[in-house]
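Please open the structure in your viewer and keep the selection tool at hand. The tour below moves from one selection to the next and says what is to be found at each stop.

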Amino acid sequence: MSQNEFQLSRRGVIAAGTVGVAATALPAEAATPPLQDRAMTPTMPVTLKVNGRTSRLDLDTRTTLLDALREHWKLTGTKKGCDHGQCGACTVLVDGRRINSCLTLAVMHDGDEITTIEGLGKPDDLHPMQAAFIKHDGYQCGYCTPGQICSAVAVLDEIKRGVPSHVQADITAGASPTAVEMRERMSGNICRCGAYSNIIDAMSEVAGTKA
Amino acid sequence: MKAFTYERAESPAAAAAAVAARPGAKFIAGGTNLLDLMKLQIEEPVHLVDVNRLALDKIEPTPDGGLRIGALVRNTDLAADERVRRDYGVLTRAIVAGASGQLRNKATTAGNLLQRTRCPYFYDTNQPCNKRKPGSGCAAIGGYSRQLGIIGTSDACIATYPGDMAVAMRVLDATVETVQPSGSTRHIPIADFHRVWGDTPHIDTNLQPGELITAVTLPKPVGGTHIYHKVRDRASYAYALVSVAAILQRDGSGHVAIGGIAPKPWRVEAAEAALPQGAKAVATRLLAGARPRPDNAFKVPLVERTLAAVIAQAKDAA
């Protein structure tokens with residue numbers, strides 16, 4: 001079985017399972033909200049430029065940027081971990097800066113440029129950070145990896161731009177991509193498999209330093 | 001999350017008027033705390049006024065030699081500003097000691113001041129909490145109170161103000177500038193911004209309904225050694241158990257404020273006169289009237305020891 005077939009069949013099983021639970025657990029009328037409630041759910045048009053492609057959708061105002069990317073733009077590379085800004089799995093780049101996409105509303109980003117893991121590189125044309133994560137085995141289960149990689153790319157940029165950090169002895173000076181600096185700056189990305197040391201190795205390679 | 005309507009504000013005064021006009025309306029800027037609370041249905045605004053596109057994102061010098069920080073300046077940008085790093089180092093230090101890189105990129109200066117407590121009983125909607133639901137009681141009193149307040153608390157609430165940035169702003173004597181729904185403006189000293197909430201812990205600050213923060217101003221730099229020492233359970237990305245913001249001068253005088261122990265950044269100006277006598281003398285005055293609980297009684301000696309570490313660090317630096 002090719003990797004694609006496996007992914008499709010796994011999704012199919014999960015989708016079928018979800019439908020099955022819904023059908024047995026809820027009476028028919030509860031599964032469909034009354035029309036008048038649905039009509040009252042406010043929506044707004046949102047235009048996003050995601051990985052270089054601009055498109056516009058009408059979204060429920062409650063839709064987070066994370067859910068917009070995953071459920072509406074169908075870019076499921078960005079992961080939902082805690083959905084509360086604690087784990088970093090949802091990290092994406094907005095106008096070049098890393099944020100937790102779970103803690104912001106899509107409507108707040110009308111017109112913004114978003115880069116997700118899918119936009120950093122392609123399987124046959126990897127971003128150097130993606131290639132380094134593979135080379136250094138910077139993951140085990142892989143769930144936190146898209147967020148780790150987006151964050152890692154932004155961290156090296158932040159160091160280059162001179163953004164200060166908690167571990168700098170002299171905050172009036174610039175920072176360099178040492179292991180201590182990168183660890184501190186990556187603390188918003190949790191990896192429960194514990195691939196941290198390999199992640200620092202990967203980042204060090206891209207930064208051109210020794211971990 | 002409960003459904004809400006949404007608009008983008010055209011001006012600060014229009015934003016204030018829009019929120020004042022709709023009971024249950026709220027401003028949204030970075031959203032990193034508000035959306036977290038909305039997902040848990042602790043906050044349930046019916047209408048959001050997005051202030052992100054207002055031109056409040058500049059850091060500018062003031063005529064009297066200070067700095068005026070726009071309400072929408074992101075935490076990362078405030079910490080990275082060359083003038084802040086050089087003249088108000090305690091502020092940069094406090095900001096980079098808080099949250100994560102992703103959150104600091106989004107969180108704003110005004111929103112950081114307005115973040116709500118991280119008391120676990122405030123977050124657990126199955127528990128009574130006078131801050132979340134006035135009159136329902138306080139599960140933290142008699143509960144597990146290790147993280148919670150030791151001073152300025154009340155029989156209604158023992159939560160703490162959780163932030164770092166405001167502790168530095170307190171020691172810097174910052175002023176919060178606001179606009180009212182009527183369009184008139186107000187200047188609130190940071191000392192009077194957060195409340196010691198007594199029996200009304202659901203009201204965190206002295207802002208009026210609809211009042212919008214437009215800027216925070218810092219007075220002329222006072223020199224000295226700037227230190228922010230945060231004691232926490234992890235080396236990074238954790239709230240303070242105790243934090244000390246300090247500006248200490250060569251002659252031993254200075255200013256100190258404490259985070260993690262009270263409903264607001266805790267500063268007692270009269271205690272600062274005791275700085276030349278050392279940490280114990282300062283801590284005794286700072287914590288007069290403290291009411292620690294068995295789980296958080298450790299914070300009393302921890303304040304003194306953190307102050308001692310800060311005073312020693314300043315001597316080394318001088």
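The stops that follow take in domains, sheets, helices and charged pairs, and the model they belong to is a predicted one.

**Stop 1: the domains of chain A**

Begin with chain A and colour it by its domain assignment, which gives domain 1 (3-37), domain 2 (43-120) and domain 3 (128-207). Keep domain 2 and domain 3 of chain A in view, whose C-alpha centres lie 22 Å apart. Where the two meet, 15 residues of domain 2 of chain A are in contact with 15 residues of domain 3 of chain A, and between them these domains of chain A bury about 1300 Å², 56% of it on carbon and sulfur atoms.

Which three residues supply more of the area that domain 2 of chain A buries against domain 3 of chain A than any other three? Select Arg98(A), Ile117(A) and Leu120(A), which together supply 41% of that area.

Stay with Arg98(A) and add Glu158(A) to the selection, since the side chains of this pair meet in a salt bridge with a distance of 2.9 Å from N to O. The count of salt bridges between domain 2 and domain 3 of chain A is one.

**Stop 2: a charged pair within chain A**

Select next Asp67(A) and Lys80(A), which form a salt bridge in which the closest N and O atoms are 3.0 Å apart. The pair links distant parts of the chain, with Asp67(A) in helix H4 (residues 65-72) of chain A and Lys80(A) in the loop between H4 and strand E3 (91-94) of chain A, 13 residues apart. Lys80(A) is partly exposed, at a relative accessible area of 31%.

**Stop 3: the parallel sheet of chain B**

Move to chain B and show its strands E1, E3 and E2, which in that order form an open sheet of three strands with parallel pairing. Strand E1 (5-8) and strand E2 (25-28) of chain B stand at the edges with a single partner strand each, so one side of each has no neighbour in the sheet. From one strand to the next the twist averages 25°.

Look now at E2(B) beside strand E3 (residues 47-50) of chain B, where four bridges pair the two in the parallel sense. One place to check is Lys26(B), whose bridge partner in E3(B) is Leu48(B). Add helix H1 (residues 12-21) of chain B, which packs on the sheet and touches E1, E2 and E3 of chain B, its direction making about 150° with that of E2(B).

**Stop 4: a charged network in chain B**

Select Asp204(B) and Arg116(B), whose side chains meet in a salt bridge of 2.9 Å, N to O. Asp204(B) lies in the loop between strand E7 (185-189) and strand E8 (212-218) of chain B, and Arg116(B) in the loop between helix H7 (109-113) and helix H8 (120-123) of chain B, so the pair ties together parts that are 88 residues apart in sequence.

Are Asp204(B) and Arg116(B) buried or exposed? Both Asp204(B) and Arg116(B) are buried. Widen the selection to Lys26(B), Glu43(B), Arg116(B), Lys131(B) and Asp204(B), which salt bridges with shared partners join into one network.

For another charged pair in chain B, pick Asp87(B) and Arg86(B), which form a salt bridge with the closest N and O atoms 3.1 Å apart. Asp87(B) is partly exposed, with a relative accessible area of 22%, whereas Arg86(B) counts as exposed at 56% relative accessibility. Over all chains, the count comes to 28 salt bridges.

**Stop 5: the antiparallel sheet of chain B**

Show strands E9, E10 and E11 of chain B, which form an open sheet of three strands in that order, with antiparallel pairing. Its edge strands are strand E9 (225-231) and E11 of chain B, each pairing on one side only, and the twist averages 10° from one strand to the next.

Between E9(B) and strand E10 (residues 242-248) of chain B, which run antiparallel, there are seven bridges, and Thr225(B) stands opposite Leu248(B) in E10(B). Helix H5 (residues 89-96) of chain B lies across E9 and E10 of chain B, running at about 20° to E9(B).

**Stop 6: a helix and its cover**

Finish at helix H10 (residues 279-286) of chain B and select its buried residues, which are Ala279(B), Ala281(B), Val282(B), Ala283(B) and Leu286(B). What covers these buried residues of H10(B) includes strand E11 (254-259) and helix H11 (299-317) of chain B.

Note on methods. Residues are numbered from 1 along each chain as its sequence is written. Chains are lettered from A and ligands numbered from 1 in the order in which they are written. This is a predicted model: local features need pLDDT of at least 70, side-chain atom pairs count only at pLDDT 80 or more; totals for chains, interfaces and linings use all residues. Side-chain values use heavy atoms; hydrogens and water are left out. Buried means under 20% relative accessible area, exposed over 50%, partly exposed in between (1.4 Å probe, protein chains only). Contact means heavy atoms within 4.5 Å. A salt bridge is a side-chain nitrogen of Lys or Arg within 4 Å of a carboxyl oxygen of Asp or Glu. Two strands pair if DSSP finds at least two bridges between them. Axes are lines fitted to C-alpha atoms, for helices over the stretch in contact, and angles run from 0 to 180 degrees between N-to-C directions. Domain bounds come from an automatic or database domain assignment. Buried area is the accessible area (1.4 Å probe) that two parts lose on being put together, summed over both.
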